[in-house]
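User: Please take me through a single part of this model in close detail, choosing the packing of nonpolar side chains. I am in my first year, so explain each term as you go.

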Amino acid sequence: MWILSMIERGLIPPTARITLQNPPIIPRAAPLHNFDEAHKTPSAAPFATTQKPQPIPEAKIAPKTQGSKGKGRRSRGRLDRKSIKVTSPSRALQSPWDYDFVIYNGIIDKTAPDFVAFKEHFNLSWGSIFSLLEHIEKFLRDYAIPEVKIKGNNLVALLPEFELKNKLTRYDLLSVSENPAHIQMMLNHPGQRYKGQGGKVKAICKIQATWKGYKARKSFLTFRRQKWASGIIAIAWLLHCHKIRLKKILKESRERHLQNFRTRAKHLAANWNRIRTSRRTIIHIPSLGYSQPVRRNIADFNTEQNMQLGRLCDITDANVSVIYICSHQLNDDLLLYYKKILSLHAAVKSGNLEDKSDLQDRFKMITPEAINIFTKHHMCLATHLKYSPKAIKRIKSLTRGTEAYIVSGFPHRDDLAVADMLDVPILGPEPAVAHLYSSKSGSKSVFDSANVPVPPGLRDLYSHQQMIEQLSQLVIDHLEIQRWLFKMDYEFGGNGTAFCDILSHLKCHKWVLKESSRHGREDWHKKWAQEPALVKISEELAGILAQHAQPVNKKRFSTWREFLHTFLSQGGVVEAYPPAESVTNLTVDMLIEPNGEIRVLSTGDQFHADGPLISSGTTMPQTSVDPQVLSSLCLQIGNACKMRNVVGYLSIDLVTFIDPSTMEQQVWATGLDLSYSNQLALTQLTLYLTSGHLDARLSSLKVPRFVSNKEERTSGLKVPSVPLQATPGYAVMTTQLRHNNLSLVFHYTFLQMCKVHGIGYDIENRQGTVFIFFEHLKRDRLGMLTIGDDLQGVLMTFAHDLFIIHQEISAPNMQGETNFKTTIDETKVILGVIEENKMRYEEELQSKDNKNLSKPDK
């Protein structure tokens, strides 16, 4: 039937020759017992005579033909699960699980009934089973397992997997055994493999393999370590070579910049007389090129570099255009504020506010874009400009076709790189020269060569022992000095200064005084007389400094130990503090022009709101020293700097006091800074707003005054103001005002508040107060310039305006930081000293007049 069906479906061609043969096995229905017969209880007694059971022929049902060729091949020698074997009644009740057999010492007893029954039952698959049993026997002999009971059903179930893999694993043996836990324990016993057949050979092989593995592992580890080390050495060498190459490139680049700087400096010196009177552009870069450790410890470093906005006032000269590089991006309000201030020059000259002119085409304020990129690197402004191609490109376009030169701040080697990019000269010294002679030790050498008076002291100190020994000698030589100052070579704004009142803590002080009086002045300066005192002072001095020396800036150095470590690492000086109650510090700004001419540009008396050794501002011009004496000292220092190839702006710090032993005024030179100072920038702003003339050699500021004609008062018509003779002028200037509450007030609101209180600048009278804003984000710092015609009056105006501002912005329980109150108190102290000096001067004049009247006429 199925053949006809396949022909009809076209699976067998009609012409195919089909031969039907009888099958070798004829299927026949198997006799099945009735369900009730299996549960019948035999009626005969159990001890009845045994009857021989009738043999029942076996019937087999052949397995179905496999559907695919692959499965047909794999099925050879395998027991089909669907085949049913019918045996005699004695075996019909026995399940396949009963065909278990035991293997002793890895050898199968082939005559054992269990094994014979197992073999008979699975006779059709015996070829595969025999191979599997050989593997099991070998495995058991290898591991010397004495007895294992094999479960026949599990063994047969393992056949398909064994045929595929043709190998036996430990897990396979456990799966066919009746007690796998016991077998597993034996297999896990150390050395079990070496108790079986070929155990010695296996042990020998294992020992050899282990030793070879150890040697190979050791060799590999050595090789790996050597390879790692060679890699590290190679990388380090490559980095070293790269570093050397970069250093060489940088050295060549900096040498090229220096050579180009010198070439341009010679050209600037040769053509200076022409350049300073012709149309020119001045590029102001108020950069503070101190070393990285110093810059890192300057609070608000970018704000410190933006305090010289008075440089913009160079546009007073009609031939000058100014490019000012800002360290802050100024907003529109600040730009408008400075444009209005700079537009007042024409109105100041005429005395009429309506005459102000727009000069914004003559000055440009540029902020390098790198300021917003390198925000935490404490770079100086010149370095930011070096890495700002857009700003460089704009400056090039503004200076194209005109004479131009750079006026830097404190020189840095990146100033030379910027000058090379712009191809313009620098009005200033080489950076190495500036750093050398601006240090405290370097300035002492300049003062010594200039032969100007300096305080007793030491320089170039680099060890503690050296400092103790030489300071002990200083104390003995100058027993009148109470306080000694310690100044680091490279620090900024008084941060690197400490002081100690040594004599007040010296236990042997009275004994030393007795010894000095006993020996007399001449013998006391001999070594044999000073030696006992020198030993005692040296023993006490280190302890006195450790307990009583105080850094000026406690935020920078909290303890003497920290200060001393930095002091000795970079070097420094020790100098005497003036032995007087009243001490005045002065600042003098000078210019050494490229042609060698030396000019004094500004002089001022310092006031100290943040401490006796930190300058908070100045009063300009100075009134503490005879102008001729001061000018002579400064010119001597200027000539000494000139001999050391110093060109450009420099600032000199001096101190004056009345010597108590001679009652004569003394002037000491204490500091030299080869840079453009904040005082000079504010002096430029003062001259711009007053149209005045400062004769620094005479320490006098002359300001022309204007007054309207009588016709204007009577008729009310506007008549041009008539200039009168110039009158003296004074200014109080500072860039160091701090108040945290200033950040709560916007600049426009602040100016409106000052206007309400009458704080401002009067153009007609050329006096009043002007503010300098540095940036618009934090707004916690402020510059202030007050101008008047009388020193006492301008100090009172400054204190009054500052007091009003302090009242307006301060809260009753303010917790922030401010120096407004200390600045006001310092101003009041100065006013008291001025009043006292006036009274003393009047008394001296009165006494002279009385003496003249008391003389009899001849």
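Analyst: A good place to start is Phe771, which, leaving aside residues up to four places away in sequence, touches Tyr337, Ile341, Phe750, Leu751, Cys754, Ile759, Leu782, Gly783, Met784 and Ile805, where contact means heavy atoms within 4.5 Å. The model is predicted, and local features need pLDDT of at least 70, side-chain atom pairs count only at pLDDT 80 or more, and totals for chains, interfaces and linings use all residues. Residues are numbered from 1 along each chain as its sequence is written, and side-chain values use heavy atoms, without hydrogens and water.

Phe771 belongs to the largest nonpolar core, which has 77 residues, and Phe771, together with Leu689, Phe750 and Ile805, touches the most other members. Such a core is a set of buried Ala, Val, Leu, Ile, Met, Phe, Trp, Tyr and Cys residues joined through side-chain atoms within 4.5 Å, and buried means under 20% relative accessible area with a 1.4 Å probe, protein chains only. Helix H29, residues 791-809, gives this core its largest share, namely eight residues; a helix here is a DSSP run (H or I) of at least four residues, numbered from the N terminus. Apart from this core lies another one of 36 residues, including Met467, Leu506, Trp524 and Leu541. In soluble globular proteins, nonpolar side chains tend to be buried together.

Cysteines deserve a last look: Cys380 is buried with a relative accessible area of 0%, and Cys641 is buried with a value of 1%. A search of the whole structure finds zero disulfides, a disulfide being a pair of cysteine sulfur atoms within 2.5 Å.

Key
Buried means under 20% relative accessible area, exposed over 50%, partly exposed in between (1.4 Å probe, protein chains only). Helices (H or I, at least four residues) and strands (E, at least two) are DSSP runs, numbered from the N terminus.
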